[in-house]
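Student: Please pick one enclosed space in this structure and look at it closely with me. Then show me what is built around it.

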Amino acid sequence: MNKSKLAVGLLVVGSLTVVFGTVLVFVGPIIIDNQIVKNLVIDPKNEMSYTMWKDVPVPFFMTVYFFNVLNPTEVLAGEKPMVEQRGPYVYRKRIQKQNITFHPNHTVSYLEYRSYFFEPSMSVGNESDVVTIPNMLVLGAAVMMENLPFAVRLMISTTFKTFKEGPFLTKSVGKLMWGYDSKLVDFLNKWLPGMLPSTGKFGLFAEFNNSNTGLFTIHTGEDDIRLIHKVDSWNGMTKLTNWKTPQCNMINGTAGQMWPPFMTKESTLPFYSPDACRSLELVYQREGIMEGIPLYRYVAPKTLFANGSDYAPNEGFCPCRQSGLLNVSSCRSNSPVFISHPHFYNADPVLLDYVQGLQPTEDQHGLFIDIHPETGVPLNVSIRLQLNLYMKKVSGITETGKISEVMMPMMWFEENGYIDGEILTTFHTNLVLLPKVMVYMQYCFIVLGLATILGVVLLHYRKKASLKKNLPTVIQNHGVGPHVKLFPITPENMPLSYQSEEWDGNMNIK
């Protein structure tokens, strides 16, 4: 009787274990997703995720390469420019959000400050290295002034000569990056304020260091996780004004650091870049794994910088030149500056014919972002862009000589960062190991429950079979004469006189 109760108990436990495991199969993913949502919401109470968002503690670097012009004299005579790539010059980038203000409509505003620190050990060369590049103040201004009266152009040329500004600059990397003193710049800022993008020293990245990227207001995700990190406004604007169509003026996606969770291969990565003066969108390329963490890689489509002729939606970014170039003159004081992928990767091949020394490859010059799809957190980022100056001969401005019309690469840079160290370990534990443990547990419960049920059933049938095998037989007479049959004794046909007896395992009466 005790054995029967034990068997029934095991059967019940096994059944409940199977039910529990089955429920976990359906409820487990919901629990995990809810935990992800809870931990991702931008809220100071979410200590780890909030700290990552606020201070971006992962290593982040900007790597710079200059295109040193080898034949500046020949370029002025109309020959094809020859360049050699110099670098890398690596800077550690520190990002920190300040003036953080939460709003009742589940948004948060902040200013993100960035500062750069040179890393000699990671660089090939030093900031004191000297390179020769086109002088934007002269060749850029010449193109900007080409439609002014001839007499005005002559006066501009005289001004260049007065301040000893030539068509090419030969200066140190540090000065070209962060600025150098120029009497011409001082003159222009005094008499033509607003003509240059910045005051003070003139440098390619002078306005970037120790500056902020503008006032972002983004969604916290508290009311709708699908909106988390998406830009609500930038500098108080919900759309831009420097492009020609409403679509091109849209501020889409996030601020470019994190994205909403639960991404699929059909998802895209839209983000607004103040430096590019527009919204950009990357597309899914492939799956991958980083330190055991699954990821999706997103890359730039060929249409990203395509001109309006090749891709109609980009017509609003024109006036355009060849595909692969983004005209940013409208947000760079009308200077003829264009952005592209490094070495004109994914651009019209004709651009490579104008300059010697470029060799584009996807591995070295394509940009990508590796995303953990469940959380929308970037694991590895590499944004690569090139700065180009449109140059040509302008009559009346003798500094332009006989320069052939050319899109001249000046430098390219890569901003890259990746999760590592303690943050990577915590990320892997919470978002990879624990979900795997839950998956294994739910199936272990099911297997354990089924094994328990199967064991009870097998023992039951084994005992029953053993009982039938060892039971004595009883002679039943079915009438007069020799008509006799032997039947095994079972509980149903056991004589009443035997039913009151207690039997041992060998079917002997005790």
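Tutor: The second largest cavity

Ile 133, Pro 134, Asn 135, Met 136, Leu 169, Leu 176, Tyr 180, Phe 202, Gly 203, Leu 204 and Met 410 line the second largest cavity. A cavity is a set of points on a 1 Å grid over the protein atoms alone where a 1.4 Å probe fits but cannot get out, and lining residues have an atom within 4 Å of a point. This is a predicted model: local features need pLDDT of at least 70, side-chain atom pairs need 80 or more, and totals for chains, interfaces and linings use all residues. Residues are numbered from 1 along each chain as its sequence is written, and side-chain values use heavy atoms, without hydrogens or water.

The space inside is about 60 Å³. The structure holds five cavities of 30 Å³ or more. By class, the lining has nine nonpolar residues, two polar ones and no charged ones. Gly counts as polar and Pro as nonpolar here.

Now look at the residues around the lining. Phe 66 touches Ile 133, Leu 176, Leu 204 and Met 410, among others; these four also line the second largest cavity. Touching, or contact, means heavy atoms within 4.5 Å. Other residues that Phe 66 touches include Glu 84, Gln 85, Arg 86 and Tyr 89. Val 131, Val 173, Met 177 and Met 411 are also among them.

Phe 66 and Leu 204 come up again in the largest nonpolar core, which has 116 residues. Such a core is made of buried nonpolar residues, Pro not among them, joined through side-chain atoms within 4.5 Å. Buried means under 20% relative accessible area, with a 1.4 Å probe and protein chains only. Phe 66, Tyr 91, Met 177, Leu 204 and Met 411 touch the most other members. Strand 14 gives the largest share of this core, nine residues.

So where does strand 14 sit? Strand 14 covers residues 377-391, and it pairs with strand 13 in the antiparallel sense over five bridges. Strands are DSSP runs of at least two E residues, helices of at least four H or I. Pairing needs at least two bridges. At the turn between them, His 372 stands opposite Val 377 in strand 14. Four residues lie between the two strands of this hairpin, and Gly 376 takes a positive phi near 75°.

Strand 13 spans residues 368-372, and five of its five residues are buried. Phe 368, Asp 370 and His 372 point one way, Ile 369 and Ile 371 the other. In a regular strand the side chains alternate between the two faces of the sheet. Strand 13 has another partner, strand 10 (residues 293-299), which runs antiparallel to it and is joined by four bridges. There, Val 299 has Phe 368 as its bridge partner.

Now step back to the chain. It comes to eleven helices and 17 strands. Of its 510 residues, 46% count as buried. Take contacts between residues at least 6 apart in sequence: 64% join residues at least 24 apart. Ile 42 has a case of reach across the sequence. It lies in the loop between helix 1 (2-40) and helix 2 (47-55). Ile 42 and Gly 221 are 179 residues apart in sequence, with their C-alpha atoms 6.8 Å apart in space. Ile 42 counts as buried because its relative accessibility is 6%.

Technical notes:
Buried < 20%, exposed > 50% of the residue type's maximum accessible area, 1.4 Å probe, protein only. 1 Å grid on protein atoms, 1.4 Å probe; cavity = no way out; pocket = protein on both sides within 12 Å on 5 of 7 lines; lining within 4 Å. Points joined across faces, edges and corners; volume = space filled by probe spheres on them. Lists of a residue's contacts leave out its neighbours within four places in sequence.
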